[in-house]
Amino acid sequence: MEDNYCLLSKKGFWGDQGDGTYVNPILPGDYSDPDVIRVGDDYYGISSTLHCSPGMAVLHSKDLVNWSMIGHVVQDLTSIGPEYNYDRMNRYGRGVWAGAIRFHKDKYWVYFFTPDEGLFMSTASDPAGPWEPLHQVWEVTGWDDCCPFWDDDGQGYFVATNFANNYNIHLFKLSEDGKELLHDSDTIIHQYKGSEANKLYKINGCYYFFHSEVHRREGIEVRVVMMLRSEHIYGPYEEKELIHTHGMEVDREPNQGGLVQTVSGEWYFISHQGTGGYYEGRTLHLLPVTWVDGWPIIGNDTDGDGIGEMVWGGRKPINGHPATVLAANDDFNQPVLEPYWEWNHQPKADKWSLTERPGYLRLYACQPIDKDNFFTVCNVISQRAFRTVHNMATVKIEISGMTDGQEAGLCHFAKTYCKIGIQQQNGTRMLKFNNSGAIEWGPQLTVGTLWLRSAWNIDGINLYEYSIDGVHFTSFGGAYQLGWGNYRGDRIGLYSYNCENEQGYIDVDQFCHEVAGASTTREFKGVEYK
């Protein structure tokens, strides 16, 4: 059955199959660096967001398979530092890295490092928010992958990696309020090449330090999931490998993640596939965990060596809950943006609005930091591009508020970019396709409303279309390969800028992001599928 699940995954199946089983990934998009906890019969997770704002995504599930985004921990990235602001945009691939979420003293706690500014934390009584203003615990560079832990006596501890200093894993005590590290308690508990992805648990009276590290296997370097175990928090420790990883072509290295126990007592591991380079990013996976002789085995121990192997699907942990719907449709009738929207760096607050024209997202034009560099265009609002067999995003925009010098439209971006939009010069609006600087001009536009569409197949080959009536669509521009860049999968978004001045705006009426269901294999017209 494992081979069948793997085949289904390769064909674009994902998540809840509707028959009591699931296929990995459970979320076929970029939900990197996850951690997970259970509170009652609810499961909450977090995922790193790097240079996107709001920062540190928060997710919720009732069954560990079907997840939805419910909010973010960091509302303003400039509370971390000025390099995240719209006038600098200087933190691509940096920013909010892996963190941990815990429930302690009737509050939710999240800690994370940024590689350049240090350690931050926040708390909330509701994981959907609001979260307390971000608190900087430690101003430092070169640290990552942290986790808090409170022992039975109430003493808090904190584990993290100093990747700038030989990947030493450190253990600190926390202050009573959790807002300070007690640096005189600093102890190095482990070191190995690339040792990070830290989590700390106490299970049946034993302390478990979860982490991953880089080993050479069969001539290639792979990231391996390891566990340290001791009856005392400062050791001595035993060490064991938890799951075999085989690299990019086999399992994409499940590693960063968290262990969680269900109400009924079963254990699972939520992880991303750690190998980057794929347009969908580092997707979210669920693997079963069994315990043998006091050690967790992640996946299935197929050869009896006490170490697991990647699992591509199986029986759902919990039944009776609705399946995930990835479609991110927005008519902008709510007073706040939906959680699946994130800005590229911190946006300019007075250049967008949901209230100036109720029922529309108004995007004013901003001047780029560098008019020749799309990655310095602020106020680009985007969401994750998923890997399924059918992916289509259609936006309806009103363009009567555009002025000379302005360009606006629909885009994909990661390391490169590709966009379809409208550019106005001398009172004339023209359709424009731009694939990372390779430009193709389309017809003159005399309408006040325009529909733009992006459709991509399971291989990430994207084609754009446009329409002047919302019914008949015309293909425009060449094919574009969605990509990976700055530790992020592809993003699909909306932009509005003006290289001459900050004049003009567009009103976004509707954004419809259609994604194939978890067990759907239907084709979509206009895109050739294998």
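Here is a short walk through some strands, cysteines and unusual backbone spots in this structure, which is a predicted model.

Let's start with a small open sheet: 3 strands, ordered S1-S2-S24, with antiparallel pairing. Strand S1 (15-16) and strand S24 (313-315) sit at the edges with a single partner strand each, so one side of each has no neighbour in the sheet. If you look at S2 (residues 21-23), you'll find that S2 and S24 pair in the antiparallel sense over 3 bridges. One spot to pick out there is Val23, which stands opposite Gly313 in S24.

Just past that strand, the backbone does something worth a look: the peptide bond from Asn24 to Pro25 is cis, with omega near 5 degrees. Pro25 itself lies in the loop between S2 and strand S3 (35-39). There is another cis peptide bond from Gly235 to Pro236, also with omega near 5 degrees. This time the proline, Pro236, is in the loop between strand S18 (220-230) and strand S19 (238-243).

Next up is a hairpin. Strand S20 (residues 254-261) is mostly covered, with 7 of its 8 residues buried. S20 runs antiparallel to strand S21 (residues 267-273), and 6 bridges join the two. Within this pairing, Leu259 stands opposite Phe269 in S21. The hairpin has 5 residues between the strands, and Gly265 takes a positive phi near 100 degrees.

Positive phi also turns up in residues other than glycine. Ala197 has phi near 60 degrees, and its place is in strand S16 (residues 196-203). With a relative accessibility of 1%, Ala197 counts as buried, because the cut-off for that is under 20%. Ser436 has a positive phi of about 50 degrees, but you'll find Ser436 in the loop between strand S32 (428-435) and strand S33 (438-445). Its relative accessible area is 36%, so Ser436 is partly exposed.

What about disulfides? A search of the whole structure finds 0 of them. Take Cys206: the nearest cysteine sulfur is that of Cys147, 17 Å away, and Cys206 is in no disulfide. A disulfide needs the two sulfur atoms within 2.5 Å, so that pair doesn't qualify. Cys206 counts as buried, at 18% relative accessibility. Cys499 is in no disulfide either; its nearest cysteine sulfur, that of Cys366, is 11 Å away. At 31% relative accessibility, Cys499 counts as partly exposed.

Methods:
Residues numbered from 1 in each chain as written. Predicted model: local features only at pLDDT ≥ 70, side-chain atom pairs only at ≥ 80, totals over all residues. Heavy atoms only, no water. Pairing = 2+ DSSP bridges. Helix = DSSP H or I, 4+ residues; strand = E, 2+ residues; numbered from the N terminus. Buried < 20%, exposed > 50% of the residue type's maximum accessible area, 1.4 Å probe, protein only.
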